[in-house]
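Reader: Please give me a close look at a single part of this model. Then follow its packing outward, step by step. Keep it brisk.

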Amino acid sequence: MISTILVVGGTSSLPNYIPHLRDTILDALQPKSTAQGTLSLAQWKKRNEEPYRELYGLSSKLAIINDPKPVDGKGGTAPRWTPGLMSWVGGSLAGYVSYLLAMQR
């Protein structure tokens, strides 16, 4: 699923929102490097607390489909919607999902 992210909704029309989101996700999926030298007591206690350790291998598979500035050619395969249409796309997807859930009952 990490290779098929589609960012929609009104907030996604903010300038540079999708590239910032991509960079934030990639930052969370990379191992944190510790500085060489001695660690403080607080750093020593937290040395094994990496909540996304199991997900580190997924950073190479991240692709946001409607990324306007894809990195390494990953993503950018969805149509380039104008920012005003992003909220409509999100609304139509939410409506379709609720329709599918109602049909399953």
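Author: Contact here means heavy atoms within 4.5 Å. Buried means under 20% relative accessible area, and exposed means over 50%. The model is a predicted one.

The part to look at is the pairing of H1 and H3. A little context comes before it. The protein chain has three helices and zero strands. Along the sequence the pattern reads α-α-α. The chain holds 105 residues, and 18% of them are buried. It exposes about 7900 Å², with 61% of that supplied by carbon and sulfur atoms. Take the contacts with a separation of 6 or more: 69% of them join residues 24 or more positions apart.

Start with H3. This helix covers residues 86–104. Its 19 residues should span 27 Å at 1.5 Å a residue, and its end C-alpha atoms are in fact 27 Å apart, so the two values agree. Met86, Val89 and Gly90 are buried in H3. Seen down the helix axis, these buried residues fall within an arc of 100 degrees, so they line one face of H3. A general rule helps here. An α-helix has 3.6 residues a turn, so residues three or four places apart point the same way.

Now turn H3 over. Trp88 and Met103 are exposed on the other side. Met103 also belongs to a nonpolar surface patch, made together with Tyr96, Tyr99 and Leu100. The patch measures about 450 Å². Tyr96 is a member of this patch, and it lies in H3. Why does Tyr96 count as partly exposed rather than exposed? Its relative accessible area is 49%, and exposed requires over 50%.

What lies over the buried face of H3? The cover of its buried residues includes H1. The packing is also seen from the other helix: the buried residues of H1 pack against H3.

So to H1, residues 17–28. Its twelve residues reach 17 Å from the first C-alpha to the last, close to the 16 Å expected at 1.5 Å a residue. Ile18, Pro19 and Arg22 are buried in H1. They cover an arc of only 100 degrees around the axis, which puts them on the same side of H1.

Just ahead of this helix sits Asn16, in the segment before H1. Its phi is near 60 degrees, a positive value in a residue other than glycine.

Two of the buried H1 residues deserve a closer look. Take Pro19 first. It is buried, with a relative accessible area of 9%. Leaving out residues up to four places away in sequence, Pro19 touches Asp67, Pro68 and Lys69. Pro19 and Lys69 are 50 residues apart in sequence, yet their C-alpha atoms are 6.8 Å apart in space.

Next comes Arg22. It lies in helix H1. Why is Arg22 called buried? Its relative accessibility is 9%, and the cut-off is under 20%. Setting aside residues up to four places away, Arg22 touches Leu62, Ile64, Asp67, Lys69, Pro70 and Val71. Asp67 is 45 residues from Arg22 along the chain. The C-alpha atoms of this pair are 8.5 Å apart. Asp67 and Lys69 appear among the contacts of Pro19, and they appear among those of Arg22 too.

Arg22 has a charged partner as well. It forms a salt bridge with Asp23, where the closest N and O atoms are 3.5 Å apart. A search of the whole structure finds one salt bridge. Its two members differ in cover. Arg22 counts as buried at 9% relative accessibility, whereas Asp23 is partly exposed at 42%.

One more strand of the story comes from Ile2, in the segment before H1. Outside its neighbours within four places in sequence, Ile2 is in contact with Leu29, Leu58, Lys61, Leu62 and Ala63. Leu62 is also touched by Arg22. Ile2 and Ser59 are 57 residues apart along the chain, and their C-alpha atoms are separated by 8.7 Å.

Put the part back together. H3 has buried residues on one face, with Trp88 and Met103 exposed on the other side. H1 is among what covers the buried residues of H3. The buried residues of H1, in turn, pack against H3.

Methods
Residues numbered from 1 in each chain as written. Predicted model: local features only at pLDDT ≥ 70, side-chain atom pairs only at ≥ 80, totals over all residues. Heavy atoms only, no water. Patch = residues over 30% accessible without salt bridge, like charges linked within 9 Å, V, L, I, M, F, W, Y side chains within 5 Å. Areas by Shrake-Rupley, 256 points an atom, 1.4 Å probe, with all protein chains shown as cover. Salt bridge = Lys/Arg side-chain N within 4 Å of Asp/Glu carboxyl O. Helix = DSSP H or I, 4+ residues; strand = E, 2+ residues; numbered from the N terminus. Buried < 20%, exposed > 50% of the residue type's maximum accessible area, 1.4 Å probe, protein only. Expected span 1.5 Å × (residues − 1). Arc of directions from axis to C-beta.
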